[in-house]
Amino acid sequence: QVQLVESGGGLVQAGGSLRLSCAASGLTFTMYGFGWFRQAPGKEREFVAGISRYGGNNLITDSGKGRFTISRDNAKNTVYLQMSALRPEDTAIYYCAADRSVGRDFVVAFRSSYGYWGQGTQVTVSS
């Protein structure tokens, strides 16, 4: 079955950096786009970044532009989210997700467009 396993979260001071990883198995990796979402306590899960099947298209939300970078290594079946200049408001559980549709070459930002989810990794940014 499809498994997405996130890692790389932790506690960091404001202004610091983290790189999240999402290792995927049980699917043909290059057939899927991936996204990163986050959910802070008491808030809805929100889209953070997405990347198309071969990495040619990516999308970063306004809150992450200039600070977050999404990438993928198709040889390692892994998607990354590099986060820098972290702020306390970035504190959340970060989830990796695989597109519900196979073969899509553009990025989708809707939660309902993703069919597979990891268990999440906690990111805490202290002020």
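Helices (H or I, at least four residues) and strands (E, at least two) are here DSSP runs, numbered from the N terminus. The model is predicted.

**Exercise 1. Fold content and overall dimensions**

Task: State how many helices and strands the protein chain has, then judge its compactness from the radius of gyration.

Solution:
- Step 1. Count the elements. There are eleven strands and zero helices.
- Step 2. Write the order along the sequence. The pattern reads β-β-β-β-β-β-β-β-β-β-β.
- Step 3. Compare with the globule rule. The rule gives 14 Å for 127 residues, and the radius of gyration is 13 Å, close to that value, so the chain is as compact as a globular protein of that length.
- Step 4. Add the box. Along the principal axes, the C-alpha atoms fill roughly 40 × 25 × 25 Å.

**Exercise 2. Burial and contacts**

Task: Find what share of the protein chain is buried and what share of its contacts is long in sequence.

Solution:
- Step 1. Apply the cut-off. Buried means under 20% relative accessible area. Of the 127 residues, 45% are buried.
- Step 2. Turn to the surface. About 6200 Å² is exposed, with 48% of it supplied by carbon and sulfur atoms.
- Step 3. Take the contacts with a separation of 6 or more. Residues 24 or more positions apart account for 59% of them.

**Exercise 3. The cores**

Task: Which residues have the most contacts inside the largest nonpolar core, and which strands each supply at least two of its residues?

Solution:
- Step 1. Recall the general trend. In soluble globular proteins, nonpolar side chains tend to be buried together.
- Step 2. Identify the centre of contacts. The largest nonpolar core has 28 residues, and Phe34, Trp36, Leu81, Met83 and Tyr94 have the most contacts inside it.
- Step 3. Trace the suppliers. Strands 3, 4, 5, 7, 8, 9 and 11 each give at least two residues to this core.
- Step 4. Separate the other core. Six residues form it, including Phe37, Ala97, Val107 and Tyr114.
- Step 5. Look around Tyr94. Beyond four places in sequence, its contacts include Glu6, Leu20, Trp36, Phe68 and Val123.

**Exercise 4. Strand 11**

Task: Which side chains of strand 11 are buried, and in what sense does strand 11 pair with strand 2 and with strand 9?

Solution:
- Step 1. Split the faces. Thr121, Val123 and Val125 point to one face and are buried. Gln122, Thr124 and Ser126 point to the other and are not buried.
- Step 2. Pair with strand 2 (residues 10-13). The sense is parallel, over four bridges. Val12 has Val125 as its bridge partner.
- Step 3. Pair with strand 9. The sense is antiparallel, over three bridges. Tyr94 stands opposite Thr121.

Methods: Residues numbered from 1 in each chain as written. Predicted model: local features only at pLDDT ≥ 70, side-chain atom pairs only at ≥ 80, totals over all residues. Heavy atoms only, no water. Core = buried A, V, L, I, M, F, W, Y, C linked by side-chain atoms within 4.5 Å. Buried < 20%, exposed > 50% of the residue type's maximum accessible area, 1.4 Å probe, protein only. Contact = heavy atoms within 4.5 Å. Pairing = 2+ DSSP bridges. Rg over C-alpha atoms; globule rule 2.2 N^0.38 Å. Areas by Shrake-Rupley, 256 points an atom, 1.4 Å probe, with all protein chains shown as cover.
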